[in-house]
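User: Here is a model I'd like to go through with you. Could you explain the terms as we meet them?

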Amino acid sequence: QVQLVESGGGLVQTGGSLRLSCAASRWPYAMGWFRQAPGKEREFVGRIAWSGGVATYADSVKGRFTISRDNAKNTVYLQMNSLKPEDTAIYYCAATNTGMVVTTASQYDYWGQGTQVTVSS
């Protein structure tokens, strides 16, 4: 079992920044970030492995969002810059023990509670 606790959501204006945090009870193989807007399916945002390597991002956030990790704190971060109204969603962190780069929600085994991000125009 992996428990995930998220924090850092909120309300921000267009062009602003937010940083989300996700603390894990233990290391999985990799951590992902997803988001879900009202009436839409859960969408992959990005993913990073605990052991190293570059992060993988969805095209919609590439160049604006950055995923990083602090192995000593078992914590993963999602830095979101240049936010747009279409980034408004509930953001979830998720953990997987799959060794491949996976981008679909069904391939993640553990989920955080979600945190609301609202970008006003």
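User: Why is the contact between the side chains of Arg35 and Glu43 called a salt bridge?

Analyst: The term asks for a side-chain nitrogen of Lys or Arg within 4 Å of a carboxyl oxygen of Asp or Glu. Arg35 and Glu43 have their N and O atoms 2.8 Å apart, which is within the 4 Å limit, so the pair qualifies. In general, oppositely charged side chains can pair when their charged atoms come close.

User: Where do these values come from?

Analyst: This is a predicted model, in which local features need pLDDT of at least 70 and side-chain atom pairs count only at pLDDT 80 or more, while totals for chains, interfaces and linings use all residues. Residues are numbered from 1 along each chain as its sequence is written, and side-chain values use heavy atoms, with hydrogens and water left out.

User: How do you know whether Arg35 is buried or exposed?

Analyst: By relative accessible area: buried means under 20%, exposed over 50%, and partly exposed in between (1.4 Å probe, protein chains only). Arg35 has 6%, so it is buried. Its partner Glu43 has 33%, so it is partly exposed.

User: Which other pairs meet the salt bridge rule?

Analyst: Asp59 pairs with Lys62, with the closest N and O atoms 3.1 Å apart. Asp59 has a relative accessibility of 68%, so it counts as exposed. Asp87 also forms a salt bridge, with Arg64, and there the closest N and O atoms are 2.7 Å apart. Asp87 sits in the loop between β8 (75-80) and β9 (89-96), and Arg64 in the loop between β6 (56-57) and β7 (65-70), so this pair ties together parts 23 residues apart in sequence. Both Asp87 and Arg64 are buried. The rule gives a count of 4 salt bridges, and a network of them links Arg35, Glu43, Arg64 and Asp87.

User: What makes Arg64 buried, and which residues is it in contact with?

Analyst: Its relative accessible area is 11%, so Arg64 is buried. Contact means heavy atoms within 4.5 Å. Leaving aside neighbours within four places in sequence, Arg64 is in contact with residues including Gln79, Met80, Ser82 and Asp87. Gly39, 25 residues from Arg64 in sequence, is 24 Å away in space, C-alpha to C-alpha.

User: How do you know that Arg47 has no salt bridge?

Analyst: The nearest side chain of opposite charge, Asp109, is 11 Å away, and Arg47 is buried. Here Lys and Arg count as positive and Asp and Glu as negative, while His and the chain ends are not counted. Arg47 lies in strand β5 (residues 43-49), and among the residues it touches beyond four places in sequence are Tyr29, Met31, Ile67, Met100 and Tyr108.

User: What makes Asn74 and Ser82 stand out in phi?

Analyst: Each has a positive phi without being a glycine: Asn74 is near 50 degrees, and Ser82 is at about 50 degrees. Asn74 is in the loop between β7 and β8, and its 16% relative accessibility counts as buried. Ser82 is in the loop between β8 and β9, and its relative accessible area of 40% makes it partly exposed.

User: Where is Gly114 found, and what does it touch?

Analyst: Gly114 is in the loop between β10 (110-111) and β11 (115-120). With a relative accessible area of 17%, Gly114 is buried. Not counting residues up to four places away in sequence, Gly114 touches Glu6, Ile90, Tyr91 and Tyr92. The C-alpha atoms of Gly114 and Gly9 are separated by 8.9 Å, with their positions 105 residues apart along the chain.

User: How many strands does the protein chain have, and why is it called as compact as a globular protein?

Analyst: There are 11 strands and 0 helices; both are DSSP runs numbered from the N terminus (helices H or I, at least four residues; strands E, at least two). The radius of gyration is 13 Å, close to the 14 Å that the globule rule gives for 121 residues, so the chain is as compact as a globular protein of that length. The radius is taken over C-alpha atoms, and the rule is 2.2 Å times the number of residues to the power 0.38. Buried residues make up 45% of the 121 residues.
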